[in-house]
Amino acid sequence: MSVFKRIPTYWLFQFFGWGLCMLVNVFYAYTFDKFNSKFLYGILVYMALGIMLSHIMRLVINKANMLTKPIEQQIFGFIFITVVFSLVTGMLETFLWNYLTWLREASPAASKKQVNYSKLVIGNSFNSFFYMFIWNCIYYIYHYVQKSRRQQVDTLKLETLVKELELKTIKSHINPHFIFNALNSIRALIDENPLRARGAITELSNILRSSMQSDKLETVPFERELNIVKDYLALEYIRFEDRLKIEYDIDEDTLDQPVPPMMLQTLVENAIKHGISKQLSGGTVKIISDFRYNHHELVVQNTGHLTGSYNADGFGLTSTQNRLQLLFGEKANFTIKEINGNTVEAKVVLPVAAVA
Amino acid sequence: MIRAIIIDDERLARNELRKLLIDFPEIEVVAEGANANEGLEKIETINPDLVFLDIQMPGKTGFDMLAELDKAPHVIFTTAYDEYALKAFEVNALDYLLKPVEPRRLADAIQKLHIQEEKEQSANSEVNINREMLHEDDQVFVKDGERCWFVKLNEIRLFESVGNYAKVFFGPNKPLILKSLNALEERLDEKTFFRANRKHIVNLRLIDKIEPYFNGGLLLEMKGGEKIEVSRRQTVKFKEMMSL
């Protein structure tokens, strides 16, 4: 097997093909009782010639980039090359055979023998055409199959790439609804409270910047993520005003812990979108970060109910789960459940990292 | 003067729209609502000419709110970015503004409204003032899953009772609305809409063929191809109405 592996497929095909051709010829000669040393000699010469010329033919095909041409040109080139090479083979075969015969026999009688060269050349060419045609057919079909297989692989590769990109956009996904609502609020604030409007623009640009940068990093210090969430909630507060209450319960030691960027942000956004914005009288969003059972726990609680649509909408939730799985494997997990009857709690458990 | 109501759950968004509307002196903002329930109440008491309506609101969406009204006012939707709503807009060519609202787009929307109002005024100058009854030029808002329509009553061929719902037939569509046939019958103009039997109300102007049927009843074929049987009792009434 290892020997075959080192020989290029092309040469395997060459020897196997011409070898088979030779065997068939020998077989026929044997059955019709024409087999003798002269025949064997001739067939060996012919095979050597065949291999050599078909190899040259391949060089020509490659040099002319025949396989990449449009189909009409390919067919035309295919026929043209086959005809030209069978003529060349026929000619060479005839002259070589005569030359060899003359050498071997070296008798004046043989040299004097009248030979109709043109007839012989045409006959031999005709024979060669048959072989060259089959050779070319195999060559073209082989490459055609290879090409279509390669195309299949390329399509698959492209599909995975698209999925990967999708994941990336999910990662940096900020709800456009939020952005435009925030801009609308800011425009109203410009007259009402210019100072707050200026602050809001800073907050919004912080969020946009970090969402653009987030796909370059695997993890960020929790403090950085928390600042984004604070900016985000400050903006949502402009929109919801008294309907949104915000509470933080942060263990300061967790601030250095690495967390996946925009993950807490996604959960808080969900809490607003599915929780607070659905409540007529609004509600509370509470963010908790603490060490518990040797793990770093990130919790987002919001007023509301865990409804079917929440799960079906799982855009943020599935991507959260997938990201945790990719980054930490079994060491992290994500749960979402309803507690105390009117609160939804999303909890991310992360492994504790030793931070210098 | 056009009397308008703004319904949006964000105070700042309402303020912003009010501010933009200062440039249109013909529009007077007479009330505001912070959610769908407040909106329903204001629309029913004030009966405005125009409603600026946000889609995403706590409790009920703007679409849900409209579907509850017997008669839909002129509506200009306002939304920040909502793929679901945008799709509904594009399918049905409803008028909408994207927040933050571009003043030029607002002007276009109001211009379109003027043209529509003029058309309606010339069309029904002799309109009965009875606001309780629905006139055939009045429109209803119909929502069915992802799709929604404003439908003029004179485009509706048929109402069919399906439990507590009524199926509304217009064009190629037949969505369900949460209204009983009896409630509908009370509000519909009996000169145009006729109760053919227990399950159907038909639009008399959209009947294609009338044929006699068993037991002295009638079979109506509507313009959309639906075949509706007229009960024996109603046949008498039907003949009375049609025979001057």
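1. Start with a single residue of chain A. Helix α2(A) is followed by A:D33, and the phi angle of A:D33 is positive, near 60 degrees. This value, like the others below, comes from a predicted model.

2. Helix α2 itself covers residues 9-31 of chain A. With 23 residues it reaches 33 Å from its first C-alpha to its last, close to the 33 Å expected at 1.5 Å a residue. Is this helix covered or in the open? The number of buried residues among its 23 is 0, so α2(A) lies largely in the open.

3. For chain A as a whole, the secondary structure comes to 12 helices and 7 strands. The chain has 356 residues, of which 25% count as buried. Among contacts in chain A with a separation of 6 or more, 74% are between residues 24 or more positions apart.

4. Helix α10 of chain A, residues 263-275, can be checked for length in the manner used for α2(A). Its 13 residues should span 18 Å at 1.5 Å a residue, and because the end C-alpha atoms are 17 Å apart, the two values agree. In α10(A), 11 of the 13 residues are buried, and the helix is mostly covered. The buried residues include A:M263, A:L264, A:L267, A:V268 and A:I272. Also on the list are A:Q265, A:T266, A:E269 and A:N270, together with A:A271 and A:G275.

5. Which residues of α9(A) meet α10(A)? They are A:E225, A:I228, A:V229, A:Y232, A:L233 and A:E236, and their partners in α10(A) are A:L264, A:Q265, A:V268 and A:I272. By class, the residues of this contact divide into 7 nonpolar, 1 polar and 2 charged. The four partners in α10(A) are each listed as buried.

6. The geometry of that pair is as follows. The angle between α9(A) and α10(A) is about 20 degrees, and their axes are 9 Å apart. Angles under 35 degrees count as roughly parallel, and the two helices are therefore roughly parallel to each other. Their crossing is right-handed.

7. Helix α9, residues 222-240 of chain A, also packs against helix α8, residues 194-213 of chain A. Here the angle is about 135 degrees, with the axes 9 Å apart. That makes α8(A) oblique to α9(A). The crossing of α8(A) and α9(A) is left-handed.

8. On the α8(A) side, this contact uses A:A200, A:E203, A:L204, A:N206, A:I207 and A:S210. On the α9(A) side are A:I228, A:D231, A:Y232, A:A234, A:L235 and A:I238. The residues divide into 8 nonpolar, 2 polar and 2 charged. A:I228 and A:Y232 take part here, and they also appear in the contact of α9(A) with α10(A).

9. How many residues of chain B are in contact with chain A? There are 15, and they touch 17 residues of chain A. The chain B side of this contact has 6 nonpolar, 4 polar and 5 charged residues.

10. One residue of chain B can be placed in more detail. B:E117 is in helix α5 of chain B, which runs over residues 103-123. Is B:E117 buried or partly exposed? It is partly exposed, because 14 other C-beta atoms lie within 10 Å; a buried residue would need 20 or more. B:E117 and B:H74 are 43 residues apart along the chain, and their C-alpha atoms are separated by 9.5 Å.

Conventions:
Residues numbered from 1 in each chain as written. Chains lettered and ligands numbered in written order. Predicted model: local features only at pLDDT ≥ 70, side-chain atom pairs only at ≥ 80, totals over all residues. Contact = placed C-beta atoms within 7 Å. Nonpolar A, V, L, I, M, F, W, Y, C, P; charged D, E, K, R; others polar. Expected span 1.5 Å × (residues − 1). Buried ≥ 20, exposed ≤ 12 C-beta atoms within 10 Å, placed from the backbone. Axes fitted to C-alpha atoms, helices over the stretch in contact; angles between N-to-C directions. Parallel < 35°, antiparallel > 145°, perpendicular 65-115°, else oblique. Left-handed = near helix turned anticlockwise from the far one by under 90°.
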